[in-house]
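Student: Could we take a close look at one part of this model together? I would like to follow the charged pairs and see where they sit.

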Amino acid sequence: TGGNLFTFSIAKKDIQQKRQIIQENLESAINELNNFGKDKTGQITKQAKAKFLDRVATLDNPQVTRKVIGALFQNRFWEIANEVWINALLSNPKTQIVNAIGNAITAVAKPLEDKMGGQISAYLAKNDVEKLKVFQRQAEEAEITFAGLAQYLSDANKMRKKAWQTGELVLEQQGFGTKLDTATNKAVGGKVGEIIRLPSKALNAGDEFFKQINYRSKLRSLAVSKAKELNLKGKERTKYIDDYFNDGFDEVGRGTNLEALNYAREATYTNELTGVMLKLQNFINEYPVLKQFFPFVRTPVQLAKAVIDRSPFALGYRWRHILGRSNDPRMMVKARGQLAMGGVLFSSAYLLGQAGAMSSATNHNAGWFQEGDEKMLNKFRDAELIRTKKSLTNFKPYSFIIGDTQIPFGRLDPYGALFGI
C-alpha cells in the first residue's frame with residue numbers, strides 16, 4: 001500500500017544514514033589512531049591499537065546498530081510531525097496576510113523612527129558641530145531609505161517570484177534569515193512534501209519581498225551617504241553610488257553588505273537571537289519533540305523585544321544610547337527614534353480610546369447592557385459577558401472604530417501591541 005511504501009522509503013533513508021554514521025565513526029577511529037596513537041618513534045602503541053580495535057568492533061555490534069536506527073527513527077518521526085504541524089499553523093490565509101501587513105508597516109515605520117531619532121539627536125547636539133553633522137547625515141539616510149521603498153518594488157517582486165519558484169531564499173543563504181528557525185529540513189519528500197510545505201514557502205516568499213525592499217533601500221542610502229562624505233559630484237558621484245550598490249550583491253544575488261542585511265533582518269524580525277534566547281532556540285532544535293510546543297522561537301522573541309524597545313522599559317537597558325553616553329551615533333539615533341515612536345503611539349492610543357475611536361480587550365459596557373453603567377469589564381471574571389457582547393453587538397476587541405466599521409489591529413505586532421497596551 002501507499003503507507004507501506006512511504007514507511008519503506010523512510011526506513012531506506014534511515015539505513016543509509018546509519019551506514020554514513022558508521023563510516024564517519026570508522027574514519028574518526030582511523031584518524032585518532034594515526035594522529036594520537038603513535039609514540040615518539042612514530043610506532044603505534046599497544047594501548048592505541050587496543051582502543052582502535054574496540055571502536056571498530058562496536059561498528060557491527062547489533063545492539064549499537066539497533067540504538068542508531070532507533071534514534072534515527074525517533075528523530076525522523078518528529079521531523080515529519082513538526083513539518084506538518086508548522087505548515088498547518090501557517091496554512092490560514094489570514095496568517096499570511098497579517099505577516100505581509102506587519103512587514104509593510106515596519107518597512108514604513110523604521111525609516112520614520114530613524115528620521116525622528118536623527119532630528120532629536122541633532123537638536124540635542126546643536127552646540128557640537130561634529131556631532132551635529134553626523135546626526136544630520138543619519139536623518140538624511142533615513143529619508144533616502146524611505147524613498148527607496150517605492151523605488152525597488154519591482155526588483156523586490158522579481159526576487160519574491162524567484163523565491164517562490166525555487167523554494168529557497170535569495171538574499172540570504174538557505175537556513176538563515178527565515179522565520180522558520182526550527183523547521184529548516186525537508187522531512188517529507190516528493191510531491192506530498194512539496195504540497196505540505198506550500199504555506200512555509202509562501203511565508204518565505206513574502207518575507208523575501210520585504211527583505212529585498214529594505215535591503216536595497218538601506219544599501220542605496222548608505223551609498224549616497226558615503227558619496228556625500230567623500231564630497232563626490234556629478235558623474236563621479238553617480239558611478240560611486242552605482243558601484244557601491246552593485247558590490248552589495250554577490251554573483252548569485254546574495255546580500256553582502258552586513259549593515260544593510262542587519263537592517264533588513266530587523267525589519268522582518270528574522271535577526272539572530274543572542275544570550276539565553278539563543279540557548280533556548282538551540283535546545284529546542286536539539287530535541288525535536290519540543291517543536292510541537294515551541295514551533296517558532298526567533299520571531300516571537302524579536303517581536304516582544306521590539307515592543308519593549310519602544311516602551312519606557314527600554315530606559316532600563318538602553319539608557320546609555322538614549323542619554324548619549326555610548327557615543328555610538330547609529331544606536332543613539334535608533335534607540336531615541338524607537339522610544340519617540342512608542343511615545344507617539346501610546347499617546348495616540350490614549351486619545352483614540354478617549355474619543356471612542358478605538359476598542360480595548362473589553363471596552364465599557366455602557367449602551368450595551370445597562371444604560372449609563374461605565375464599569376470596565378474584566379476579561380477573565382466577565383468572560384461570559386464578553387462572549388455575549390461579541391455575539392450580540394459584533395464587538396471586536398483591539399480594533400479601530402470608523403463609523404460602524406471595526407478594523408482589528410491586535411495581531412499587527414509590534415505596533416499593534418503598543419496600541420493594545
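Student: Is Glu 83 buried or exposed, and what is its relative accessible area?

Tutor: Happy to go through it, keeping in mind that this is a predicted model. Glu 83 has a relative accessible area of 5%, so it counts as buried, the cut-off being under 20%. Its carboxylate has a partner: Glu 83 forms a salt bridge with Arg 197, with the closest N and O atoms 3.2 Å apart. The two come from distant parts of the chain, 114 residues apart, with Glu 83 in helix H3 (residues 62-89) and Arg 197 in the loop between helix H7 (190-196) and H8. Arg 197 is buried as well, at 15% relative accessibility.

From that loop we can step into H8 itself. Helix H8 covers residues 198-229, and its end C-alpha atoms lie 46 Å apart, which agrees with the span expected for 32 residues. Of those residues, 24 are buried, so the helix is mostly covered. Just after H8, Asn 231 takes a positive phi of about 60°.

H8 also supplies a charged partner of its own. Arg 216 meets Asp 155 in a salt bridge at 3.8 Å, N to O. This pair again links distant parts of the chain, Arg 216 in helix H8 and Asp 155 in helix H6 (residues 153-166), 61 residues apart. Here the burial is split: Arg 216 counts as buried at 11% relative accessibility, whereas Asp 155 is partly exposed at 28%. For the wider picture, the structure holds 17 salt bridges.

Notes. Residues numbered from 1 in each chain as written. Predicted model: local features only at pLDDT ≥ 70, side-chain atom pairs only at ≥ 80, totals over all residues. Heavy atoms only, no water. Helix = DSSP H or I, 4+ residues; strand = E, 2+ residues; numbered from the N terminus. Expected span 1.5 Å × (residues − 1). Buried < 20%, exposed > 50% of the residue type's maximum accessible area, 1.4 Å probe, protein only. Salt bridge = Lys/Arg side-chain N within 4 Å of Asp/Glu carboxyl O.
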